[in-house]
Amino acid sequence: MKLQEFQAKKLLLAQGLPVPDFSVAATPAEARQAALPYLGMGAGRVVIKAQVLVGGRGKAGGVKLATSADEAEELAGQILGMDIKGITVRRVLVAPAAEIAREFYLGAVLDRSARRVLLMGSAEGGVEIEEVAAERPEAIVRVHAHPHLGLLDYQARQLAFAMGLGTQHLRAFVAIATGLHRTMLANDADLVEINPLAIVLEHLPDAVAGESLQCLDAKITIDDSALERHPELELLRDLDEEDPVDVQARQEGLSFIRLDGSIGCMVNGAGLAMTTMDLIKRAGGEPANFLDIGGGAKHEKVAAAMSLILSDPSVRAILVNIFGGIARGDEVAQGLVDARRQQERHVPMVVRIVGTNADEAARILAESGDPDVQTAASLDDAVEKAVAVAARAAVGA
Ligand code: GDP
Ligand code: MN
């Protein structure tokens with residue numbers, strides 16, 4: 001689950017990281033109200049930033065600077081309602097604008113193969129790090145945190161030197177990098193990114209200019225499987241920005257991932273689902289989705305799974321592969337029959353159900369009299385039939 005910038009910044013603040021003050025506004029008038037105190041406190045400008053779960057908002061025109069409350073209101077009016085990479089902006093973040101001297105990148109990701117948290121830093125901050133990684137991978141420095149002791153101070157210093165940060169900000173950087181690692185652990189995050197981590201010029205009251213390190217942008221992704229431990233984070237989920245198919249799948253307790261092919265799959269068990277996809281590919285077909293309906297699937301769940309599969313217009317055939325253990329074959333078969341009676345789009349279906357109550361399942365399917373439903377004796381047979389049906393439908397189309 002991705003968090004919006006303002007939510008991510010709150011999590012950074014909770015770990016003591018330096019983040020400039022900010023407010024969130026949903027209307028131009030609110031943006032004006034939010035900007036007033038910052039401008040009054042001596043900030044020459046405020047920054048207005050679109051809150052959407054995509055990167056590159058700056059380039060897309062979703063980050064703008066205003067020098068007055070009037071301008072803040074006007075620019076917020078331009079950004080709110082703007083379409084950024086297909087997402088409509090509904091909120092903006094308003095903050096005193098930082099005077100940036102230099103921009104760095106600092107991020108932490110879960111490195112599963114190393115079974116450690118990997119910290120990455122780069123002097124090429126501000127721009128999208130994926131571009132830097134693709135074009136100049138040597139410009140990104142990496143260090144793995146210790147699995148038990150966390151990110152050690154000397155490791156943070158190594159990162160800082162390799163990033164060319166300079167000694168003046170070393171102490172602050174160590175606090176930020178170790179705090180980033182703590183943010184990762186405290187929230188079970190997959191990714192915590194600060195881009196830019198900026199050297200900011202401060203104009204102190206006595207007119208002596210100083211510099212500080214500030215987290216000007218934040219991106220956090222929480223491990224979905226850990227959300228049960230973080231009910232306060234689950235509440236932050238932004239349903240408006242999620243694919244409706246993902247929202248529906250989660251509500252029904254289904255693991256569903258859409259793919260590009262034409263054969264919809266309904267399988268119980270993740271391992272069996274992956275095997276089914278492999279066999280489809282081997283037989284020359286392409287799966288349209290990964291779908292694990294889970295154990296003990298009741299027929300309402302089967303109907304929900306069916307409607308998810310059919311919501312994809314490129315599905316030309318459906319392959320149902322159920323191994324009845326806790327899930328009863330007859331329950332699944334009845335669910336399939338009911339679902340097919342309700343749905344508007346009729347797509348040919350091949351069903352293989354083995355295990356608990358398989359005979360009864362076969363009887364229910366036969367008695368339904370649906371000419372577009374075939375049963376299969378083996379998985380190989382089922383896959384072959386599904387691929388053939390999908391190929392025929394594609395030619396017919
Ligand atoms: P992103 O494009 O979605 O990653 O959004 P960012 O928050 O990273 O903003 C993009 C760019 O806008 C940054 O790299 C900065 O150059 C600029 N920017 C963001 N915040 C400020 C600010 O407070 N002051 C100034 N001067 N520029 C900012
Ligand atoms: Mn950024």
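**Ligand 1 and the strands around it**

Q: In this predicted model, which residue has a side-chain N or O atom 2.4 Å from an oxygen atom of ligand 1?
A: The contact joins an oxygen atom of ligand 1 to a side-chain N or O atom. The cut-off for a polar contact is 3.5 Å, and this pair is 2.4 Å apart. The residue is also listed among those that come nearest to ligand 1. It is Lys49.

Q: Which residue has a polar backbone atom 2.8 Å from a nitrogen atom of ligand 1?
A: Backbone atoms also reach the ligand. Asn195 places a polar backbone atom 3.1 Å from an oxygen atom of ligand 1. The nitrogen atom of ligand 1 has another partner, at 2.8 Å. That partner is Ala98.

Q: How much of the accessible area of ligand 1 does the protein cover?
A: Ligand 1 sits in the largest pocket. On its own, the ligand has 550 Å² of accessible area. The share covered by the protein is 82%.

Q: How many nonpolar residues are in the shell around ligand 1?
A: There are 15 residues around ligand 1. Of these, 4 are polar and 4 are charged. The nonpolar residues number 7.

Q: Which strands each supply at least two residues of the shell around ligand 1?
A: Two of them, strand 7 and strand 10, pair in the antiparallel sense over 9 bridges. The others cover residues 46–50 and 63–66. The full set is strand 2, strand 3, strand 7 and strand 10.

Q: What is the bridge partner of Glu103 in strand 10?
A: Glu103 is among the residues that come nearest to ligand 1. Strand 7 covers residues 99–111, and its pairing with strand 10 is antiparallel. Across that pairing, the partner of Glu103 is Ala198.

Q: Which residue in the turn between strand 7 and strand 8 has a positive phi?
A: Strand 7 and strand 8 pair in the antiparallel sense over 7 bridges. Val109 stands opposite Leu118 in strand 8. The two strands form a hairpin with 4 residues between them. The turn residue, with phi of about 55 degrees, is Arg115.

Q: Is the peptide bond from Asn195 to Pro196 cis or trans?
A: Pro196 has its place in strand 10. Asn195 contacts ligand 1 through a polar backbone atom. Omega for the bond from Asn195 to Pro196 is near 15 degrees, and the bond is cis.

Conventions:
Residues are numbered from 1 along each chain as its sequence is written. Chains are lettered from A and ligands numbered from 1 in the order in which they are written. This is a predicted model: local features need pLDDT of at least 70, side-chain atom pairs count only at pLDDT 80 or more; totals for chains, interfaces and linings use all residues. Side-chain values use heavy atoms; hydrogens and water are left out. A residue is near a molecule or strand if one of its heavy atoms lies within 4 Å of it. A polar contact is a pair of N or O atoms within 3.5 Å; within protein, one must be able to donate a hydrogen and the other to accept it, and residues adjacent in sequence count only if both atoms are side-chain atoms. Accessible areas come from the Shrake-Rupley method with a 1.4 Å probe; for residues, only the protein chains shown count as cover. On a 1 Å grid over the protein atoms alone, a cavity is a set of points where a 1.4 Å probe fits but cannot get out, and a pocket is an open set with protein on both sides within 12 Å along at least five of seven lines; lining residues have an atom within 4 Å of a point. A molecule sits in a cavity or pocket if more than half of its atoms lie within 2 Å of its grid points. Ala, Val, Leu, Ile, Met, Phe, Trp, Tyr, Cys and Pro count as nonpolar, Asp, Glu, Lys and Arg as charged, and the others, Gly among them, as polar. Two strands pair if DSSP finds at least two bridges between them.
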